[in-house]
Amino acid sequence: MPLIYFEVYCANCGEGLCKLTTVDERSGIKLVIKPCPECLKDAEIDGFDKGFFKGCEVTREQAEE
Ligand SMILES: [Zn+2]
């Protein structure tokens, strides 16, 4: 197997993901790349905000009834 050097970056924020990438050569080449922690954090915050505002809406609708 020839040596191949490559780098992995997040397409969204550009964070280097080499430390989060595992190469498995047992059956062909398989790359396992963990999600970008920065974008995951942002997505969690977005999800929290959406859920929070949704919850506020439901509470307000119930209060109006
Ligand atoms: Zn990212």
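Let's start at Cys13, which is partly exposed, with a relative accessible area of 43%. On this scale, buried means under 20% relative accessible area, exposed means over 50%, and partly exposed is what falls in between (1.4 Å probe, protein chains only). Before going on, note that this is a predicted model: local features need pLDDT of at least 70 and side-chain atom pairs count only at pLDDT 80 or more, while totals for chains, interfaces and linings use all residues. Residues are numbered from 1 along each chain as its sequence is written, and side-chain values use heavy atoms, with hydrogens and water left out.

Back to Cys13 and its metal. The zinc ion is held by the SG atoms of Cys10, Cys13, Cys36 and Cys39, at 2.3 to 2.4 Å. Donors here are N, O and S atoms within 2.8 Å of the metal (3.2 Å for Na, K and Ca), and sites may look incomplete because water is not among the atoms. The angles among the four donor atoms run from 100 to 115 degrees, and the zinc site is tetrahedral; four donors earn that label if all angles lie between 85 and 135 degrees. For reference, the ideal angle for four tetrahedral donors is 109.5 degrees.

Along the sequence, the zinc donors follow the spacing C-x2-C-x22-C-x2-C. Cys13 sits in the segment before β1 (21–24) and Cys36 in the loop between β2 (30–33) and α1, so this pair ties together parts that are 23 residues apart in sequence. The helices (H or I, at least four residues) and strands (E, at least two) are DSSP runs, numbered from the N terminus.

How exposed or buried are the other donors? Cys36 counts as buried at 7% relative accessibility, and Cys10 is buried too, at 12%. Setting aside neighbours within four places in sequence, Cys10 is in contact (heavy atoms within 4.5 Å) with Glu15, Leu17, Cys36 and Cys39. The largest nonpolar core has five residues, namely Val8, Cys10, Leu17, Cys36 and Cys39. Such a core is a set of buried Ala, Val, Leu, Ile, Met, Phe, Trp, Tyr and Cys residues joined through side-chain atoms within 4.5 Å.

With these cysteines around, how many disulfides does the structure hold? Zero, taking a disulfide as a pair of cysteine sulfur atoms within 2.5 Å. Take Cys18: the closest cysteine sulfur to its own is in Cys36, 12 Å away, too far for a bond. Cys18 counts as partly exposed, at 42% relative accessibility.

The loop between β2 and α1 also holds Lys34, an exposed residue with a relative accessible area of 54%. Beyond its neighbours within four places in sequence, Lys34 is in contact with Leu17 and Leu20. The C-alpha atoms of Lys34 and Glu15 are 12 Å apart, with their positions 19 residues apart along the chain.

Now for helix α1 (residues 37–64), where Phe48 and Phe52 are four residues apart and so separated by about one helical turn. Phe48 counts as exposed at 57% relative accessibility, whereas Phe52 is partly exposed at 46%. The rings of Phe52 and Phe53 have centres 5.9 Å apart and planes at 70 degrees, so that pair is edge-to-face. Phe53 is exposed, at 52%.

Rings of Phe, Tyr and Trp (its six-membered ring) pair if their centres lie within 6.5 Å; planes under 30 degrees apart count as stacked, over 60 as edge-to-face and the rest as tilted. By this rule there are two aromatic pairs. Phe48 and Phe52 make a stacked one, at 6.0 Å centre to centre with 15 degrees between the planes. Ring pairs link Phe48, Phe52 and Phe53 into a cluster.

Gly51 is in helix α1 as well, and is partly exposed at 45% relative accessibility. Its C-alpha atom is 42 Å from that of Gly28, a residue 23 residues away along the chain.

Key: Four donors count as tetrahedral if all angles lie between 85 and 135 degrees; four count as square planar and six as octahedral if opposite donors are over 155 degrees apart and all others between 65 and 115; anything else is irregular.
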